[in-house]
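Reader: I would like to go through a model step by step and learn how to read its helices and their packing. Where should one begin?

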Amino acid sequence: MLSSIQNELFDLGADLATPGEDFAPAEMSLRIVQEQIDRIEAEIDAMNEELEPLRSFILPGGGAGAAYLHLARTVVRRAERVAVEAAQEIMLNPLALTYLNRLSDHLFVLARLVAKGQGGDILWEPGGTRAT
């Protein structure tokens with residue numbers, strides 16, 4: 001999964017570097033397409049089948065691999081915010097923005113799956129550090 005995502009990040013970079021009005025894939029412009037988003041969503045669904053439903057917010061962690069995936073997720077979220085802001089000024093491929101959104105969710109679920117193999121999610125305990 002991560003190899004495909006790494007390759008698609010280069011596709012995404014090429015897409016975002018080529019704003020315009022026609023977002024159909026072409027020989028001279030590489031575009032994110034719906035099939036890439038569909039694959040990520042299918043992977044999210046498959047991973048979620050192996051996980052317990054969330055009943056609490058979780059803290060980033062759960063082992064080194066999970067922590068790195070949570071970090072990657074936050075970087076993707078930041079990129080999504082910047083891309084959405086840029087799209088207010090220039091025409092960007094809407095599927096590229098959707099891809100960023102789905103990718104951050106994918107990385108979150110993958111981090112949970114990795115954490116499952118390393119002791120599980122670290123749950124947020126509201127007020128857990130307060131003395132009273």
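Author: What follows goes from the whole chain to its helices, then to their packing and to two single residues. The model is predicted.

Reader: Which elements does the chain have, and in what order do they run?

Author: Begin with the count and the order. The chain has 4 helices and 2 strands. From the N terminus, the order is α-α-β-α-α-β.

Reader: What can be said about the chain as a whole?

Author: Overall extent, burial and contact range are useful here. Along the principal axes, the C-alpha atoms fill a box of roughly 60 × 30 × 20 Å. Of the 132 residues in the chain, 32% are buried. Among contacts with a separation of 6 or more, 79% are between residues 24 or more positions apart.

Reader: How does one check the length of a helix, for instance α1?

Author: Compare the end-to-end distance with the span expected at 1.5 Å a residue. For the 15 residues of α1 the expected span is 21 Å, and the end C-alpha atoms are 20 Å apart, which agrees. Helix α2, residues 34-48, also has 15 residues; 21 Å is expected and its end C-alpha atoms lie 21 Å apart, again in agreement. Helix α3 has 24 residues and reaches 34 Å from first C-alpha to last, close to the expected 34 Å.

Reader: Which residues of α1 are buried, and which are exposed on the other side?

Author: List the buried residues, then look at where they sit around the axis. In α1 the buried residues are I5, E8, D11, L12 and D15. They cover an arc of only 115° around the axis, so they lie on the same side of α1. On the other side of α1, the exposed residues are S3, Q6, N7 and F10. The cover over the buried residues of α1 includes α2 and α4.

Reader: What does the same reading give for the buried residues of α2?

Author: Buried in α2 are Q36, I37, I40, E43, I44 and M47. Their arc around the axis is only 120°, which puts them on the same side of α2. Among the elements that cover them are α1 (2-16) and α4 (94-116).

Reader: And which residues of α3 are buried?

Author: In α3 these are A66, L69, H70, V76, E80 and A83. Their cover includes α1, β1 (58-59) and α4.

Reader: How does one read the packing of two helices, such as α1 and α2?

Author: Take the angle and the distance between the axes, then the handedness, then the residues that meet. The axes of α1 and α2 cross at roughly 150° and come within 12 Å. An angle over 145 degrees counts as roughly antiparallel, and α1 and α2 are therefore roughly antiparallel to each other. The crossing of α1 past α2 is left-handed. S4, I5, E8 and D11 of α1 make the contact with Q36, R39 and I40 of α2.

Reader: At what angle do α1 and α4 pack, and how far apart are their axes?

Author: The angle is about 155°, and the axes of α1 and α4 are 11 Å apart. That makes α1 roughly antiparallel to α4. Their crossing is left-handed. On the α1 side, the contact is made by L2, I5, E8, L9, L12, D15 and L16; on the α4 side, by A96, Y99, L100, L103, H106, L107 and L110.

Reader: How do α3 and α4 pack?

Author: Helix α3, residues 64-87, packs on α4 at an angle of about 170°, with the axes 8 Å apart. The two helices α3 and α4 are therefore roughly antiparallel to each other. The crossing of α3 past α4 is left-handed.

Reader: Is Y99 buried or exposed?

Author: For a single residue, start from its relative accessible area; under 20% counts as buried. Y99, in helix α4, has a value of 0% and is therefore buried. Leaving aside neighbours within four places in sequence, Y99 is in contact with I5, E8, L12, I32, Q36, I37 and I40. One of these, Q36, is 63 residues from Y99 along the chain, while the C-alpha atoms of the two are separated by 7.7 Å.

Reader: How does A86 read by its relative accessible area?

Author: A86 lies in helix α3. With a relative accessible area of 27%, A86 is partly exposed. A86 and L16 are 70 residues apart in sequence, and their C-alpha atoms are 9.7 Å apart in space.

How values were computed: Residues numbered from 1 in each chain as written. Predicted model: local features only at pLDDT ≥ 70, side-chain atom pairs only at ≥ 80, totals over all residues. Heavy atoms only, no water. Expected span 1.5 Å × (residues − 1). Buried < 20%, exposed > 50% of the residue type's maximum accessible area, 1.4 Å probe, protein only. Arc of directions from axis to C-beta. Contact = heavy atoms within 4.5 Å. Axes fitted to C-alpha atoms, helices over the stretch in contact; angles between N-to-C directions. Parallel < 35°, antiparallel > 145°, perpendicular 65-115°, else oblique. Left-handed = near helix turned anticlockwise from the far one by under 90°.
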